[in-house]
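The following exercises are to be worked through with the sequence and the coordinates at hand. Each task is followed by a solution in steps.

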Amino acid sequence: MKNNNEKGNNDQNTTHYMPLYMCIGISIGLAVGAATNNIPVCMCMGMGAGTCIGAILDRQNRKKESDDSEQEKEEQENENV
């Protein structure tokens, strides 16, 4: 019998990229803003860029996980036949 972690409850095991890349974008924006003496604009641009990159990576990760789960279901069906 499988426990909850093996049943497809992958919410706890997934990687979420958006918060990570938002922080990276803000940090880079802060550094660029300090160098150009325009901190608020550069921080906002960095956060926007980080959010976009994180959203793209999250979507790719979600798509990959759904493809993997479909393959596992097919393999289980083939084993049962």
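Helices here are DSSP runs of type H or I with at least four residues, numbered from the N terminus. The model is a predicted one.

**Exercise 1. Determine how many helices and strands the chain has, and how confident the prediction is.**

Solution. Step 1: the chain contains two helices and zero strands. Step 2: the mean pLDDT of the chain is 82, and 83% of its residues reach 70 or more. Step 3: residues 1-6 have a pLDDT below 50, and this stretch has five contacts in the model beyond near neighbours in sequence.

**Exercise 2. Check whether the end-to-end distances of H1 and H2 agree with their numbers of residues.**

Solution. Step 1: the expected span is 1.5 Å times one less than the number of residues. Step 2: H1 has 19 residues and should therefore span 27 Å; its end C-alpha atoms are 26 Å apart, which agrees. Step 3: H2 has 42 residues and should therefore span 62 Å; the distance between its end C-alpha atoms is 61 Å, which also agrees.

**Exercise 3. Identify the buried residues of H1 and state how they are arranged around the axis.**

Solution. Step 1: Gly 25, Gly 29 and Gly 33 are the buried residues of H1. Step 2: these residues lie on the same side of H1, because they cover an arc of only 65° around the axis. Step 3: the general background is that an α-helix has 3.6 residues a turn, so residues three or four places apart point the same way. Step 4: on the face of H1 turned away from the buried side are the exposed residues Cys 23, Ile 28, Ala 34 and Ala 35. Step 5: H2 is included in what covers the buried residues of H1.

**Exercise 4. List the buried residues of H2 and name the element against which they pack.**

Solution. Step 1: in H2 the buried residues are Cys 42, Gly 46, Gly 50, Gly 54, Asp 58 and Asn 61. Step 2: their packing partner is H1. Step 3: for the chain of 81 residues, 12% count as buried.

**Exercise 5. Is Asn 61 buried or exposed, and which residues does Asn 61 touch?**

Solution. Step 1: Asn 61 belongs to helix H2, residues 39-80. Step 2: its relative accessibility is 18%, and the cut-off for a buried residue is under 20%, so Asn 61 counts as buried. Step 3: leaving aside residues up to four places away in sequence, Asn 61 touches Thr 15 and Tyr 17.

**Exercise 6. Establish the state of Cys 42 with respect to disulfides and to burial.**

Solution. Step 1: a search of the whole structure finds zero disulfides. Step 2: Cys 42 is accordingly in no disulfide, since a pair of sulfur atoms must lie within 2.5 Å, while the nearest cysteine sulfur, that of Cys 44, is 9.4 Å away. Step 3: Cys 42 counts as buried because its relative accessibility is 14%.

**Exercise 7. Examine the backbone and the accessibility of Asn 37.**

Solution. Step 1: Asn 37 is in the loop between H1 and H2. Step 2: most residues other than glycine have a negative phi. Step 3: the phi of Asn 37 is near 65°, a positive value in a residue other than glycine. Step 4: with a relative accessibility of 74%, Asn 37 counts as exposed.

**Exercise 8. Describe where Pro 19 and Glu 65 stand relative to residues far along the chain.**

Solution. Step 1: Pro 19 is found in helix H1, residues 18-36, and is partly exposed at a relative accessible area of 47%. Step 2: Pro 19 and Ala 55 are 36 residues apart in sequence, and their C-alpha atoms are 9.3 Å apart. Step 3: Glu 65 is in helix H2 and is partly exposed, with a relative accessible area of 24%. Step 4: Glu 65 and Thr 14 are 51 residues apart along the chain, and their C-alpha atoms are separated by 8.7 Å. Step 5: for the whole chain, residues 24 or more positions apart account for 59% of the contacts with a separation of 6 or more.

Note on methods. Residues are numbered from 1 along each chain as its sequence is written. This is a predicted model: local features need pLDDT of at least 70, side-chain atom pairs count only at pLDDT 80 or more; totals for chains, interfaces and linings use all residues. Side-chain values use heavy atoms; hydrogens and water are left out. Buried means under 20% relative accessible area, exposed over 50%, partly exposed in between (1.4 Å probe, protein chains only). Contact means heavy atoms within 4.5 Å. pLDDT is the predictor's confidence in each residue, from 0 to 100. The arc is that of the directions from the helix axis to the C-beta atoms.
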